[in-house]
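Trainee: Could you take one part of this predicted model and look at it closely for me, following it outward to whatever surrounds it? I would rather have one connected account than a list.

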Amino acid sequence: MRDALGWIEEQEPALCRRIAAWAEISSGTFDRDGIHELGESVEALAAPLCDRVERVPLAPFETVDDDGTRVSTPLGDAWIYRRRPDAARQVLLAVHLDTVFGVDHPFRAVTGPVTDDPELPGRRILRGPGVCDAKGGLALLWAALEAFERERPDDATGWTVLLNPDEEIGSPGSAPLLAAEAQDADFGLVFEPALPDGALAGARKGSGNFQLVARGRAAHVGRAFDEGRSAIHTLAALVHRLAVYGAETPGVIANVGFLRGGGAVNVVADFAIARCNVGVDDAEAQTRVETLLAAWCAEAGARDGVEVELHGGFASPPKPLAPGARQILDALTRCAEPLGIAIETRDTGGVCDGNKLAAAGLPNVDTMGPVGGNIHSEREYLDLDSLVPRAQLVASLLLGFARGSLELPRRQRKR
């Protein structure tokens, strides 16, 4: 195993260069050209490791715009890489190509490596859009797989890599791919960044995005106020009800992130829209929120004479720390000890594709990427000193699985 781990140590300069180059490719979720440029760059690197490469077009993203109109937005392609797909043991590795930074976002420059950053003095870091979430994980994944292929003991272990272009909006187009690939693996690893202190995510909340669209009737405020039906008044009462429910219900987070409607103040508003996110701890709470929102919208329409449409739902179900995930974490702990890595877990309110894989029945750990922080902001950074140890950790786990020296989940696969 030392040969594989030593090879990873030698790759650190190349890893740094690769991450910086990929971060300079704009790949916001709706930048299809950037997504495809990045995907093709990855394919040029990764295809020689694989038996088969599949490029999969996705269905468009369906939502409502700020005027309450249904819109359809094209998404980029997904890539699936397979090695020994008929082997008895199978691992699924996944990470996303997209970032939250659109093509016109001002955060474009990559800076570093530096050790004199005032926020993180003495740490060797790289800053740039997506360096941590998740282009660092993307580079780390392939380094670990190449090291594994250099030392794998036999042909009894295969792997699949799924790279999707839409994780930052909840993976609406790639969700069917994630669910399907989950059926063919014994366990999964997702290369979202580790938490800023290096901890791995334990349990994750479920997350739902909802759009509330209210349509009332306009009227002159002075002459015919009672003839109007205010969409704003109705929607304000609804979002207040949701906010109070979130504040008073343990394990529920409710946030209204966008509210728009109306126009002139002497006109009863005939339109309003709100966009909300709700996080929940378990499936029971998810069902309760879905039921309550539907009932509240129906009640509001009946009471106020305002039509209220409810769009959206829970794209990411809750992910408790299940026995299979604990088994993977135990194996990671064994692998980490000789590398000098401490494996700690912490529950988090964030969601990722690991939620979907777990809901499809696949045990997984979903923060196998490098250490970094300030993700989704113009201060995003990657701790470069975490790249080699984390890639070695993944390679060690895969080699232990292939050799049968680690207790890892084995499943009755469905395909």
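Mentor: Let us begin with strand S10, residues 200–204, which is mostly covered, five of its five residues being buried. This strand runs parallel to strand S15, residues 345–348, and three bridges join the two. Within that pairing, Ala201 stands opposite Arg346 of S15.

Ala201 also leads us to a cavity, since its name appears in the lining of the largest one, together with Gly202, Lys319, Pro320, Leu321, Ala325, Asn364, Val365 and Asp366. The structure holds one cavity of 30 Å³ or more, and the volume of the largest cavity is about 40 Å³. At least two lining residues come from S10, and at least two from strand S16, residues 364–365. By character the lining divides into five nonpolar residues, two polar ones and two charged ones.

S16, in turn, belongs to an open sheet of six strands with mixed pairing, in the order S1-S4-S8-S5-S9-S16. Strand S1 (52–56) and S16 are its edge strands, each pairing on one side only. Elsewhere in that order, strand S5 (residues 89–96) and strand S8 (residues 157–164) pair in the parallel sense over eight bridges, and the bridge partner of Leu93 in S8 is Val161. As background to these pairings, strands of a sheet pair through backbone hydrogen bonds, either parallel or antiparallel.

Two of the residues just named, Leu93 and Val365, recur around Leu189, for which the contacts beyond four places in sequence are Leu92, Leu93, Ala94, Ile328, Val365, Met368, Val394, Leu397 and Leu398. Leu189 is also a member of the largest nonpolar core, which has 69 residues, and Tyr81, Trp142, Trp159, Leu189 and Leu397 are those that touch the most other members. The element that gives the most to this core is helix H4 (residues 131–151), with twelve residues. Apart from this core lies another one, of 24 residues, including Phe210, Ala214, Tyr245 and Ala272.

Ala214 gives a good view of that second core. Its place is in strand S11, residues 206–215, and Ala214 counts as buried because its relative accessible area is 0%, where the cut-off for buried is under 20%. Leaving aside neighbours within four places in sequence, Ala214 is in contact with Ala231, Leu235, Asp270, Phe271, Ala272, Val306, Glu307 and Val308. By contrast with these contacts, Asn355 lies 31 Å from Ala214 in space, C-alpha to C-alpha, with the two positions 141 residues apart in sequence.

A pair much further along the chain deserves a look as well. Val388, in helix H11 (residues 387–403), has a C-alpha that is 6.3 Å from that of Ile8, although the two residues are 380 apart in sequence. Beyond its neighbours within four places, Val388 is in contact with Ile8, Glu9 and Glu12. With a relative accessibility of 9%, Val388 therefore counts as buried.

There is also an open sheet of four strands, with antiparallel pairing and the order S6-S7-S18-S17. Strand S6 (111–114) and strand S17 (372–373) stand at its edges, and because each has a single partner strand, one side of each is left without a neighbour in the sheet. S6 pairs with strand S7 (residues 125–127) in the antiparallel sense over two bridges, and Thr111 has Arg127 of S7 as its bridge partner.

Some backbone details should be checked alongside these elements. Pro113, which is found in strand S6, is joined to Gly112 by a cis peptide bond with omega about 5 degrees. A cis peptide bond also joins Asp133 and Ala134, again with omega about 5 degrees, and Ala134 has its place in helix H4.

Two residues other than glycine have positive phi values. Ser171, with phi near 55 degrees, is found in the loop between S8 and helix H5 (175–182), and its relative accessible area of 0% is why Ser171 counts as buried. His376, with a phi of about 70 degrees, lies in the loop between S17 and strand S18 (381–383), and His376 is partly exposed, with a relative accessible area of 43%.

Note on methods. Residues are numbered from 1 along each chain as its sequence is written. This is a predicted model: local features need pLDDT of at least 70, side-chain atom pairs count only at pLDDT 80 or more; totals for chains, interfaces and linings use all residues. Side-chain values use heavy atoms; hydrogens and water are left out. Buried means under 20% relative accessible area, exposed over 50%, partly exposed in between (1.4 Å probe, protein chains only). Two strands pair if DSSP finds at least two bridges between them. On a 1 Å grid over the protein atoms alone, a cavity is a set of points where a 1.4 Å probe fits but cannot get out, and a pocket is an open set with protein on both sides within 12 Å along at least five of seven lines; lining residues have an atom within 4 Å of a point. Grid points are joined across faces, edges and corners, and a volume is the space filled by probe spheres set on the points. Ala, Val, Leu, Ile, Met, Phe, Trp, Tyr, Cys and Pro count as nonpolar, Asp, Glu, Lys and Arg as charged, and the others, Gly among them, as polar. A nonpolar core is a set of buried Ala, Val, Leu, Ile, Met, Phe, Trp, Tyr and Cys residues joined through side-chain atoms within 4.5 Å. Contact means heavy atoms within 4.5 Å.
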